[in-house]
Amino acid sequence: LEHFIEYFRILQDIQDINSELSRSFTSKDDQKVVNLFLSLSGSPDSLDSVIGRLQDVDASHLKLFARRVAFHWYEVIKEKLSNDFDAILKNIRWPSLGQVIENFNPSKEALNKLSVLAEYLFQVQLPGYDRFMYVKLAPSILCPPLATPIELLTKPFRIRFDYHFMKNRPTNRPDKPEYFFTQVLNWCKDNHHFVSEIFQTSAT
């Protein structure tokens with residue numbers, strides 16, 4: 001009897017969180033949306049969420065239902081926050097690529113919003129799915145995927161690297177690896193202070 005009571009209690013919790021997420025997402029309350037998502041899916045090491053509570057429950061269909069709901073909201077929330085994050089990056093003309101550093105002077109409001117969005121994106125994860133998302137660099141080398149804020153921050157660099165060093169360009173010289181090493185180091189030098197100052201706290 002206790003098993004059935006707990007089963008239906010968790011089912012009701014899933015349905016309530018799903019409904020509340022819909023309302024909060026419509027009202028554009030990002031903080032509440034993220035908190036509700038965490039109460040459903042939790043952080044990777046959390047047992048306080050609905051999915052965490054299901055770990056020791058023998059209910060395969062309920063677990064599948066909970067994960068499907070969590071995965072749906074993961075995709076929706078990640079897309080919305082990523083779009084907001086990317087829009088601010090474009091607005092502040094990120095990244096600094098050889099421009100005079102004084103010209104790269106984002107407003108405090110934009111930086112605060114970026115930091116908050118980064119924190120939300122670092123929090124919005126799917127426990128148990130990490131092992132399916134590993135990136136295969138070589139037959140024997142697997143790496144975890146980049147966190148969403150890192151992926152968005154490095155996107156402009158990846159585009160430029162591909163243009164200069166992966167296509168038929170004078171800079172694409174396999175016999176001159178110092179070309180791309182120097183460029184990558186210059187990008188790091190020009191931008192690492194900004195990244196560490198704005199995002200280090202969000203990533204921890």
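A salt bridge here is a side-chain nitrogen of Lys or Arg within 4 Å of a carboxyl oxygen of Asp or Glu. The structure holds eleven of them, and several serve as stops on this tour. Keep in mind throughout that the model is predicted.

**Whole chain**

Start with the protein chain in cartoon view. Seven helices and two strands are there, and from one end of the sequence to the other they follow the pattern α-α-α-α-α-β-β-α-α. The chain has 204 residues, of which 32% count as buried. Switch on a surface: about 13,300 Å² is exposed, and carbon and sulfur atoms supply 55% of that area. Among contacts between residues at least 6 apart in sequence, 67% join residues at least 24 apart.

**E6 and R53**

Select E6 and R53 next. They form a salt bridge in which the closest N and O atoms are 3.7 Å apart. This pair links distant parts of the chain, since E6 belongs to helix α1 and R53 to helix α3, 47 residues apart. E6 is partly exposed, at 25% relative accessible area, and R53 is also partly exposed, at 29%. Add R9 and D13 to the selection: together with E6 and R53 they are linked in a network of salt bridges.

**S24**

Stay in helix α1, which covers residues 2-26, and go to S24. Is S24 buried or exposed? S24 has 2% relative accessibility; the cut-off for buried is under 20%, so S24 counts as buried. Apart from neighbours within four places in sequence, S24 is in contact with D29, K32, V33 and L36.

**S49**

Now select S49, in the loop between α2 (30-40) and α3 (50-53). S49 is buried, with a relative accessible area of 1%. What does the side chain of S49 reach? At 3.3 Å lies the backbone oxygen of S41. Show the residues around S49 as sticks: leaving aside neighbours within four places in sequence, its contacts are L38, S39, L40, S41 and G42.

**K80 and D84**

Move to helix α4 and select K80 and D84. Their salt bridge has its closest N and O atoms 2.7 Å apart. The two residues are separated by about one helical turn, because they are four residues apart in α4. D84 is partly exposed at 25% relative accessible area, as is K80 at 22%.

**N112**

In helix α5 (residues 108-123), pick N112. N112 is partly exposed, with a relative accessible area of 42%. Then pick I198 and draw a distance between the two C-alpha atoms: the separation is 8.1 Å, although N112 and I198 are 86 residues apart along the chain.

**Helix α6**

Select residues 148-165, which make up helix α6. At 1.5 Å a residue, its 18 residues should span 26 Å; the end C-alpha atoms are 24 Å apart, which agrees. Where does α6 bend? The bend is at T154, by about 45 degrees, and the proline P156 follows within four residues. Colour the buried residues of this helix: T148, P149, L152, L153, P156, F157 and F165. The buried residues of α6 pack against α4 (60-91), α5 and α7 (178-203).

**R173 and D175**

Finish with R173 and D175. Their side chains meet in a salt bridge, with 2.7 Å from N to O. R173 is partly exposed, with a relative accessible area of 33%.

Key
Residues are numbered from 1 along each chain as its sequence is written. This is a predicted model: local features need pLDDT of at least 70, side-chain atom pairs count only at pLDDT 80 or more; totals for chains, interfaces and linings use all residues. Side-chain values use heavy atoms; hydrogens and water are left out. Buried means under 20% relative accessible area, exposed over 50%, partly exposed in between (1.4 Å probe, protein chains only). Contact means heavy atoms within 4.5 Å. The expected span of a helix is 1.5 Å times one less than its number of residues. The bend at a residue is the angle between axes fitted to the seven residues ending there and the seven starting there. Accessible areas come from the Shrake-Rupley method with a 1.4 Å probe; for residues, only the protein chains shown count as cover. A polar contact is a pair of N or O atoms within 3.5 Å; within protein, one must be able to donate a hydrogen and the other to accept it, and residues adjacent in sequence count only if both atoms are side-chain atoms.
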